[in-house]
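Visitor: I have just started learning about protein structures. Could you walk me through this one and tell me the reasons behind the words you use?

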Amino acid sequence: MGAQWKAKHKDIAANAKGRLFGKLAKDIMIAARGGADPKDNAKLRLVVEQARKVSMPKETLDRAIKKGAGLTGETVHFEQVIYEGFAPHRVPVMVEVLTDNVNRAASDMRVLFRKGQQGTPGSVSWDFDHLGLIEAEAATPGADADTAAIEAGAQDLLPADEDGVTVFLTDPTDLDLVSRALPAQGFTVLSAKLGYRPKNPIDPASLSAEQLEEVESFLTALDDNEDVQQVYAGLAG
């Protein structure tokens, strides 16, 4: 589908939940810099909604908001770094890192990319579009995604998946505008963020089952790293 890569058959055991909560907590802290009240902070409101959908404990959620908003006296500082390279079998990969220790993150990436190939800045990004990705679901009967995309100002969309989630694609500068316009078109916004979509995705059918397993294992290892927020792979489907 060209949106964020999601590991298939991922275990949802406690440790996996913990990693997910950790990633969401970072997003919440970053969003809370714009204010601790979700009612007045649209970015925070969206991330909080995502956290609630995966049952993040209320105390964890509240603590992340307070830390990000500077209400605990702690200094929260994260740096965003983008790493580029290839998974096994030349599948292009973009890795979005949010870390409080750049040296640790760089060292981890060097180790993780040993089973693939780490590239230099620009070596892979040219083959990806940087755009807004809005996940939304129909809130009213008969809501039409194509009409909603046109009326809200989205560039394109990815048809609803089996869970009924449609991904609206926007110009990066239009992300907030389209997010706010979709509810009037009968869609509830689940998440809105900037991300990457491959221009020339590789068809998984062109890889053998063994090769595909190697690629997925590599992507899962990246996704499991504590500093990695998002992994985008040049795979179709």
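Guide: Gladly! This is a predicted model, and we can begin where helix 4 starts: there, a side-chain oxygen of Asn 101 comes to within 3.3 Å of the backbone nitrogen of Asn 103.

Visitor: What makes that pair of atoms in Asn 101 and Asn 103 a polar contact?

Guide: A polar contact is a pair of N or O atoms within 3.5 Å, with one able to donate a hydrogen and the other to accept it. The oxygen of Asn 101 and the nitrogen of Asn 103 lie within 3.3 Å, so the pair fits.

Visitor: Which residues of helix 4 are buried?

Guide: In helix 4, which covers residues 102-112, they are Ala 105, Ala 106 and Met 109.

Visitor: How do you know that they are on the same side of helix 4?

Guide: Around the axis, they cover an arc of only 100°, and that puts them on the same side of helix 4. The face turned away from this buried side carries the exposed residues Asn 103 and Arg 110.

Visitor: What covers the buried residues of helix 4?

Guide: The cover includes strand 1, strand 2, strand 3, helix 7 and strand 8.

Visitor: Why is strand 8 called largely enclosed?

Guide: Six of the six residues of strand 8 are buried, so the rest of the structure largely encloses this strand. Strand 8 is also joined to strand 2 by five bridges, and the two run antiparallel. In this pairing, Val 97 stands opposite Val 228 in strand 8.

Visitor: What makes strand 2 and strand 8 count as paired?

Guide: Pairing needs at least two bridges. Strand 2 and strand 8 have five, so they qualify.

Visitor: Let us turn to the sheet of four strands. What is the order of its strands?

Guide: This open sheet has the order 5-6-4-7, with antiparallel pairing. From one strand to the next, the twist averages 30°.

Visitor: Why are strand 5 and strand 7 said to stand at the edges?

Guide: Each has a single partner strand, so one side of each is left without a neighbour in the sheet. The partnership of strand 4 with strand 7 is made of eleven bridges, and there Ile 134 stands opposite Ala 192 in strand 7.

Visitor: Which helix lies across strand 4 and strand 7?

Guide: That is helix 2, which runs at about 100° to strand 7. Helix 5 packs on the sheet too, touching strand 5, strand 6 and strand 7.

Visitor: Why is Thr 170 called buried?

Guide: Buried means under 20% relative accessible area. Thr 170, found in strand 6, has 0%, so it is buried. Among the residues Thr 170 touches are Leu 131, Ile 134 and Val 178.

Visitor: And why is Gly 119 called partly exposed?

Guide: The partly exposed range lies between under 20% for buried and over 50% for exposed. Gly 119 has 23%, so it belongs in that range. You can find Gly 119 in the loop between strand 3 and strand 4.

Visitor: How do you know that Ser 55 is exposed?

Guide: Its relative accessible area is 55%, and exposed means over 50%, so Ser 55 passes the cut-off. Ser 55 lies in the loop between helix 2 and helix 3.

Visitor: What is the phi of Ser 55?

Guide: The phi of Ser 55 is near 65°, a positive value in a residue other than glycine. Most residues other than glycine have a negative phi. His 89 also has a phi near 65°, and His 89 sits in the loop between strand 1 and strand 2.

Key. Residues numbered from 1 in each chain as written. Predicted model: local features only at pLDDT ≥ 70, side-chain atom pairs only at ≥ 80, totals over all residues. Heavy atoms only, no water. Buried < 20%, exposed > 50% of the residue type's maximum accessible area, 1.4 Å probe, protein only. Contact = heavy atoms within 4.5 Å. Arc of directions from axis to C-beta. Axes fitted to C-alpha atoms, helices over the stretch in contact; angles between N-to-C directions. Lists of a residue's contacts leave out its neighbours within four places in sequence.
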